[in-house]
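New notebook page, new structure. I'm looking up the basics first, then a helix pair and one residue.

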Amino acid sequence: MIERAVLLNSGNVIEPHDLALRAAAPAAVPAPVSAKDGLLAIDLTKGIVLEELERTIIERVLTQTGWNRTRAAQLLGLSRETLRYRIEKHNLKTPTAEENC
């Protein structure tokens with residue numbers, strides 16, 4: 001989806017509508033990460049590394065869901081196994097109690 005948005009976008013910034021995200025019921029989905037946080041607004045003039053973008057998106061969704069892997073996989077449109085594989089691929093670790101302070 002990210003690759004498609006990068007290739008088909010004629011501007012310098014990818015906006016949420018460029019990603020063709022589905023609308024979900026407000027009660028079922030936590031508040032999305034806003035474009036101002038840098039997740040969805042991507043400045044293409046600086047270049048982009050898809051692996052880093054994938055890692056950032058997965059990490060932010062996991063943080064947003066409190067590391068609920070089932071919920072994160074649903075939000076990302078992945079199976080739990082695919083999410084588990086990508087967590088391992090990017091060496092993402094559950095934050096410890098000390099890091100949360």
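Accessible areas here come from the Shrake-Rupley method with a 1.4 Å probe, and for residues only the protein chains shown count as cover. With that, I get about 7100 Å² exposed for the chain, 53% of it supplied by carbon and sulfur atoms.

Notes on the source: I'm working with a predicted model, where local features need pLDDT of at least 70, side-chain atom pairs count only at pLDDT 80 or more, and totals for chains, interfaces and linings use all residues. Residues are numbered from 1 along each chain as its sequence is written, and side-chain values use heavy atoms, with hydrogens and water left out.

I found four helices and two strands (DSSP runs: helices H or I, at least four residues; strands E, at least two; numbered from the N terminus). Along the sequence they read α-β-β-α-α-α.

Next, the helix pair. I looked up α3 (residues 69-76) against α4: their axes are 9 Å apart, at an angle of about 100°. That makes the two roughly perpendicular (65 to 115 degrees). Among the contacting residues (heavy atoms within 4.5 Å) are Leu-76 of α3 and Leu-83 and Ile-87 of α4.

Last, His-90, which sits in the segment after α4 (80-89). Is His-90 buried or exposed? I have it as buried, because its relative accessibility is 10% (buried means under 20%, exposed over 50%, partly exposed in between). Leaving out residues up to four places away in sequence, His-90 touches Glu-51, Glu-54, Arg-55 and Ile-58. Of the 101 residues in the chain, 24% are buried.

Key: Buried means under 20% relative accessible area, exposed over 50%, partly exposed in between (1.4 Å probe, protein chains only). Axes are lines fitted to C-alpha atoms, for helices over the stretch in contact, and angles run from 0 to 180 degrees between N-to-C directions. Angles under 35 degrees count as roughly parallel, over 145 as roughly antiparallel, 65 to 115 as roughly perpendicular and the rest as oblique.
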